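Work through the exercises below with the sequence and the coordinates at hand. Each task is followed by a solution in steps.

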Amino acid sequence: MGPPGAGKSTTWKTLAKSQTADGLKTTVVDLNPKVISTNELYGVCDPKTRDWKDGLMSNTMRRLSEEPDNNPKWIALDGDLDANWIESMNSVMDDNKLLTLASNERIVLKPAMRLIFEIRNLKFATPATVSRAGILYISDFSGYQWKAYVKSWIAVQKYDAERKKDLQTLFDKYIEESLKHIKKTFKYTVPTIDIQLIMTLCKLLEAILATNDVKGLEWVFVFCCVWCLGGGFSDMNGVNYRKNFSDWWKDKWKIVKFPAKGTVFDYYIDIEANKPEEWIKMSTKDITESLDTSKAIQNFTIPTTDTIATQYLMKKFIHSGISPMLVGNAGCGKTQITKGLLNDLTSVGDDYLQQIINFNFYTDSTLLQS
């Protein structure tokens with residue numbers, strides 16, 4: 001049990017691999033009980049014909065119990081608990097170790113078989129379920145997960161030893177204190193976890209450092225921090241969290257100074273000049289000659305700070321193999337920004353084109369809020 005990104009899956013996968021390497025071949029079947037109905041999980045009898053339709057869990061458990069060897073066999077149920085499906089597991093988890101189906105068939109959980117429940121919390125678990133399980137909680141409060149990820153990411157990069165050392169120093173300097181303050185003070189539009197923010201930061205750094213001869217490494221690092229740690233903020237409940245984050249960042253981290261005008265999100269880092277520049281200066285295309293006034297206004301995207309910044313970051317994430325997720329209310333321009341980027345990539349024959357066509361851009365704000 002633990003929050004997303006804590007390492008639950010990695011824990012049991014590592015144990016399974018180590019047992020296999022030690023001579024005990026471990027079979028693991030990973031299921032998500034929340035993606036199907038209870039009838040599809042355990043099976044159901046047709047009320048008219050009385051024909052039995054097998055379920056995913058019943059089929060898996062029967063198949064594993066019929067195997068003749070005594071090697072470990074695990075069924076990993078990776079999905080949040082609810083009373084609709086977990087209560088049927090009580091007889092499997094107690095001393096009887098029997099799964100009783102609606103067809104009156106009884107499937108035995110043999111000694112070599114184990115159930116592994118991978119869950120977020122016990123919010124919807126009953127005392128009957130909790131008392132039958134051995135619960136191990138994996139916390140991410142100390143930041144062990146993202147720190148380990150950073151060390152692993154730096155180790156596999158093709159940078160020289162000096163740059164790797166500088167990157168680790170910057171992570172140690174900025175990240176831990178920033179994450180602690182963000183947790184206490186600000187609220188993201190879409191809930192996030194620490195390791196997800198750090199993975200995004202590493203991928204953006206990787207994309208920028210791969211295509212530029214960067215001399216001012218700290219400038220680039222700060223730019224990536226601003227967008228990866230603060231890019232998910234907006235106005236919520238009457239509070240402008242994005243502006244508040246900008247004010248805090250300018251006040252807290254003064255070695256790399258942003259201009260007093262505007263927020264930290266109004267600037268990109270000019271790699272050659274090694275200084276911040278306004279996003280609008282990145283727009284070098286004169287659109288006045290290409291405008292066709294006979295078409296409706298929604299067919300055009302006028303470059304602004306927001307569109308230029310969003311499209312720049314989308315290109316970098318696509319380069320790193322990450323799908324961008326655009327979040328916002330209907331009519332704020334998500335689709336138009338995506339179309340504009342796609343048109344730009346098409347016009348220059350960019351090799352990212354095929355990748356971006358296959359990406360899913362989430363545009364339903366109601367879905368994201370849920």
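A residue is buried under 20% relative accessible area, exposed over 50%, and partly exposed in between. The model is predicted.

**Exercise 1. Classify Arg50 and Lys97 by accessibility, and describe the backbone of each.**

Step 1. Lys97 has a relative accessible area of 33%, so Lys97 is partly exposed.

Step 2. Arg50 has 59% relative accessibility and therefore counts as exposed.

Step 3. Place both residues. Arg50 lies in the loop between β2 (43-45) and β3 (52-54), and Lys97 in the loop between α5 (90-93) and β5 (98-100).

Step 4. Read the phi angles. Phi is near 65 degrees for Arg50, a positive value in a residue other than glycine. For Lys97, also not a glycine, phi is positive too, near 50 degrees. Most residues other than glycine have a negative phi.

**Exercise 2. State how confident the prediction is, and which residues stay under a pLDDT of 50.**

Step 1. Take the chain as a whole. The average pLDDT of the protein chain is 86, and 89% of the residues score at least 70.

Step 2. Locate the weak segment. Over residues 356-370 pLDDT stays under 50. The model has 28 contacts beyond four places in sequence for this segment.

Step 3. Decide how to treat the segment. Where pLDDT is low, the predicted coordinates should not be read in detail.

**Exercise 3. Summarise the secondary structure, burial and surface of the protein chain.**

Step 1. Count the elements: the protein chain has 15 helices and eleven strands.

Step 2. Take the burial: of the 370 residues, 38% are buried.

Step 3. Take the surface: about 21,300 Å² is exposed, and carbon and sulfur atoms supply 52% of it.

Step 4. Take the sequence separation of the contacts. Among those between residues at least 6 apart in sequence, 65% join residues at least 24 apart.

**Exercise 4. Which strands pair with β4, and in which sense?**

Step 1. On one side of the list is strand β1 (residues 27-31), which pairs with β4 in the parallel sense over five bridges. Within this pairing, Leu31 stands opposite Leu77 in β4.

Step 2. Strand β7 (residues 113-118) also pairs with β4 in the parallel sense, over six bridges. Here Asp78 has Glu118 in β7 as its bridge partner.

Step 3. Add the burial. Strand β4 (residues 73-78) is largely enclosed by the rest of the structure, because five of its six residues are buried.

**Exercise 5. Describe the largest nonpolar core and the elements that build it.**

Step 1. The largest nonpolar core has 57 residues. Those with the most contacts inside this core are Phe171, Ile175, Phe221, Phe223 and Trp249.

Step 2. Assign the core to elements. Those giving two or more residues are α7 (144-156), α8 (161-185), α9 (194-211), α10 (217-230), α11 (241-252), β10 (267-270) and α12 (305-319). The largest share, twelve residues, comes from α10.

Step 3. Follow Phe221. Leaving aside neighbours within four places in sequence, Phe221 is in contact with Leu167, Leu170, Phe171, Tyr174, Ile175, Leu201 and Leu205.

Step 4. Record the second core. This core is separate, has 24 residues and includes Leu41, Leu109, Ile119 and Ala125.

**Exercise 6. Is Ser178 buried or exposed, and what does Ser178 touch?**

Step 1. Ser178 is found in helix α8.

Step 2. The relative accessibility of Ser178 is 0%, so Ser178 counts as buried.

Step 3. Not counting residues up to four places away in sequence, Ser178 touches Leu229, Trp248, Trp249 and Trp253.

**Exercise 7. Why do Cys202 and Cys225 form no disulfide?**

Step 1. Set the cut-off: a disulfide needs cysteine sulfur atoms within 2.5 Å.

Step 2. For Cys202, the closest cysteine sulfur is in Cys228 at 8.8 Å, which is too far for a bond. Cys202 is buried, with a relative accessible area of 0%.

Step 3. For Cys225, the closest cysteine sulfur is in Cys224 at 7.2 Å, again too far for a bond. Cys225 also counts as buried, at 0% relative accessibility.

Step 4. Check the whole structure: the search finds zero disulfides.

**Exercise 8. Describe the hairpin formed by β10 and β11.**

Step 1. β10 and strand β11 (residues 275-278) pair in the antiparallel sense over four bridges. The bridge partner of Tyr267 is Glu278 in β11.

Step 2. Four residues lie between the two strands of the hairpin, and Asn274 in the turn has a positive phi of about 55 degrees.

Methods. Residues numbered from 1 in each chain as written. Predicted model: local features only at pLDDT ≥ 70, side-chain atom pairs only at ≥ 80, totals over all residues. Heavy atoms only, no water. pLDDT = per-residue confidence, 0-100. Contact = heavy atoms within 4.5 Å. Buried < 20%, exposed > 50% of the residue type's maximum accessible area, 1.4 Å probe, protein only. Areas by Shrake-Rupley, 256 points an atom, 1.4 Å probe, with all protein chains shown as cover. Core = buried A, V, L, I, M, F, W, Y, C linked by side-chain atoms within 4.5 Å. Pairing = 2+ DSSP bridges.
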